[in-house]
Amino acid sequence: MPQMTMRDALNQALHQEMERDERVIVLGEDVSGGAGGTSGEREASGGIFGVTKGLLPRFGAGRVIDTPISESAIVGAAGGAALAGLRPVAELMFADFVGVCMDQIYNQIAKFRYMFGGKSRCPVVIRMAMGAGMNMGPQHSQSIYALMTAVPGLKVVVPSNAYDAKGLLIEAIRDDDPVVFLEHKALYPRKGEVPEKPYTVPFGEAALVREGEHVTVVAIARMVPFAERAIDALAKEGITCDLIDPRTTSPLDFDTIVESVEGTGRLVVVDESPPRCSLAADIAATVAERAFGRLKAPIAQVTPPHTPVPFAPALERAYVPGPPRIEAAIRHVLKVS
Amino acid sequence: MSDSARLDGTRLLRAYRQMKLIREFEERLHVEIATGEIPGFTHLYAGQEAVAVGVCEQLGDADYIVSTHRGHGHCIAKGCDVGGMMKEIYGRRDGLCHGKGGSMHIADIDKGMLGANAIVGGGPPLAVGAAIACKLRGGGHVSVAFGGDGSANQGTVFEAMNMAVVLQVPAIFVFENNGYSEHTGCDYAVGSKDLTARARGFGLVAECVDGADFHAVYDAMGRAVERARAGGGPSAIEARITRFYGHFEGDPQKYRARDEVARHRETMDCLKRFRERMRAGGELAEAQLDAVDAEVLALIERIVADAKAAPPPVEADLYTDVYIHY
């Protein structure tokens, strides 16, 4: 099976879905780039992270639409086009930019089907690059899945690897509900085995990345490879863990998590978003509610501090939960009983 | 181009009936809301009927509109079922949105009505998207964003106008300038005082019309639709108009001069103006218009009675239609 980066896997998914279904369009800032420039070169960009490269030459400017820097109009246009029968994939560039188009996401597209009494379909995908680790500072580094997961009507996808990224994006494009698709920018170069043919990964089904008996670890997006490193290091000492990657935070596969904790009795949740009202808190609360009697130790939440994402590399390294903190948390829940 | 001089008696009578239906729908709601039987927050369209009807008489079911919090008139003009609307406003289970939207969220996708919208400025970006779909499909259809003078100050509307111009999509922005952004005068809140010039500044072809004159709105819309269908890109129409009631029902309207509404009802009533024009031109007889009035009043009577008698939603409805699959 070919090895492919997450960036290329996403790019392949877009190509294949645009090929398969002419209702699929792509719109956003610099999705091709170059329009109106002095060089005359179109596709001067192909997306800030290169995910939409090659789409303009293949599918043309009617379906690959470079927009002004107008996030409300981008998301709103995607929503309106979806109501009118297209299947738009909007790119928001950085997830932090939800701040300028939140109304279109959470008051408009998320609510149409419910407030119109089930008579509308809004099959829009909003792709955004999220996450810290590239020194992009407080307004370009946030992990916003908790914010999006809190909104009824949205589905939220957080792939951790190339295989899932392709299958989940194809699933998102074919899904009839609005989907927020969050791509961790530090994972774009991460390689994995990716089948050439189109395939889907279903929403709401967690992946069991490692199997073990002592501790259940739940990790999201970039925290998954970090947790793998921590868990693999501990395996040499005979400590083994279940590692669960939810892959989507809405819907969230609570059953797999609870089932695992019923076996291990211990839970560590690793989350790159700030700790208050977070996915970590959400998962911890649900496990406490559903499996309280099976817990042998308090649940540990590994998260950044309640601060913005800092710029300076030394500070950002301290902010992001890395393998050492995950390892320490696993050791901690094993000590307490 | 479809101009008003070519409208035959049937079309003129239909336009009059649509305006009358909106007027009586709203007048009756004004009375019923005062009884306390209608839940929530309602914004009446009475006074602005010629705008919705003048615009929508140029459209078909395959054209799209997005509406506003003051949306009943747009819904009726675009062909939404008035019985379903009345039930929706009463919060009934078989309302147009099964009682989950209410007055501010009435939609009927099959009629090209993409929803009333309770967020001022929320709709225009959606209309640009529908216009993208129209352009891509190539069927010559158009998308209309209704908004008020209040929405004209929202950044989302600026973004939508600019994007429509950049992408050259068949979008038409209709600004119903009724003089008030909620409880604040347009002369205060619109810095440049001129919405038409503002739209032109975005690169739109824009014109200003008397919103109480059905024929003027219809003709301006005809020019905009023709331009859009021919691939000439987006337009804007500012319709100067008044509202006969407050921002919402129950608004004491302390911001309006005591005689303002009475004066406007005398001079800016689109129904009176339409009747006078028919009388002068002889296209329709008084008796024909009177018959429409009687038929509309009977219809309103019936749909209000039906809405009152209709059952509310059941608790299980709370959980449905959040997602298609979850």
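Q: How are helix 3 of chain A and helix 6 of chain B oriented to each other, roughly parallel or roughly perpendicular?
A: In general, two packed helices are described by the angle between their axes and the distance between the axes. In this predicted model, helix 3 (residues 71-83) of chain A packs against helix 6 (residues 155-167) of chain B at an angle of about 70°, and their axes lie 8 Å apart. Since angles of 65 to 115 degrees count as roughly perpendicular, the two helices are therefore roughly perpendicular to each other.

Q: Which residues make the contact between these two helices?
A: Helix 3 of chain A contributes A:S72, A:A73, A:G76 and A:A77, while helix 6 of chain B contributes B:T156, B:E159, B:A160 and B:M163. By class, the residues of this contact comprise 4 nonpolar, 3 polar and 1 charged.

Q: How is chain A divided into domains, and how many residues does each domain give to the contact?
A: Chain A consists of domain 1 (3-193) and domain 2 (207-335), whose centres, taken over C-alpha atoms, are separated by 27 Å. The contact takes 25 residues from domain 1 of chain A and 24 residues from domain 2 of chain A. On the domain 1 side, the elements giving two or more residues are helix 6 (145-149), strand 6 (155-157) and helix 7 (162-174) of chain A, and that side has 12 nonpolar, 10 polar and 3 charged residues.

Q: What is the secondary structure of chain B, and why is chain B described as being as compact as a globular protein of its length?
A: Chain B has 12 helices and 7 strands. Its radius of gyration is 19 Å, close to the 20 Å that the globule rule gives for 326 residues, so chain B is as compact as a globular protein of that length. Buried residues make up 54% of chain B.

Terms used
Residues numbered from 1 in each chain as written. Chains lettered and ligands numbered in written order. Predicted model: local features only at pLDDT ≥ 70, side-chain atom pairs only at ≥ 80, totals over all residues. Helix = DSSP H or I, 4+ residues; strand = E, 2+ residues; numbered from the N terminus. Rg over C-alpha atoms; globule rule 2.2 N^0.38 Å. Buried ≥ 20, exposed ≤ 12 C-beta atoms within 10 Å, placed from the backbone. Axes fitted to C-alpha atoms, helices over the stretch in contact; angles between N-to-C directions. Parallel < 35°, antiparallel > 145°, perpendicular 65-115°, else oblique. Contact = placed C-beta atoms within 7 Å. Nonpolar A, V, L, I, M, F, W, Y, C, P; charged D, E, K, R; others polar. Domains from an automatic or database assignment.
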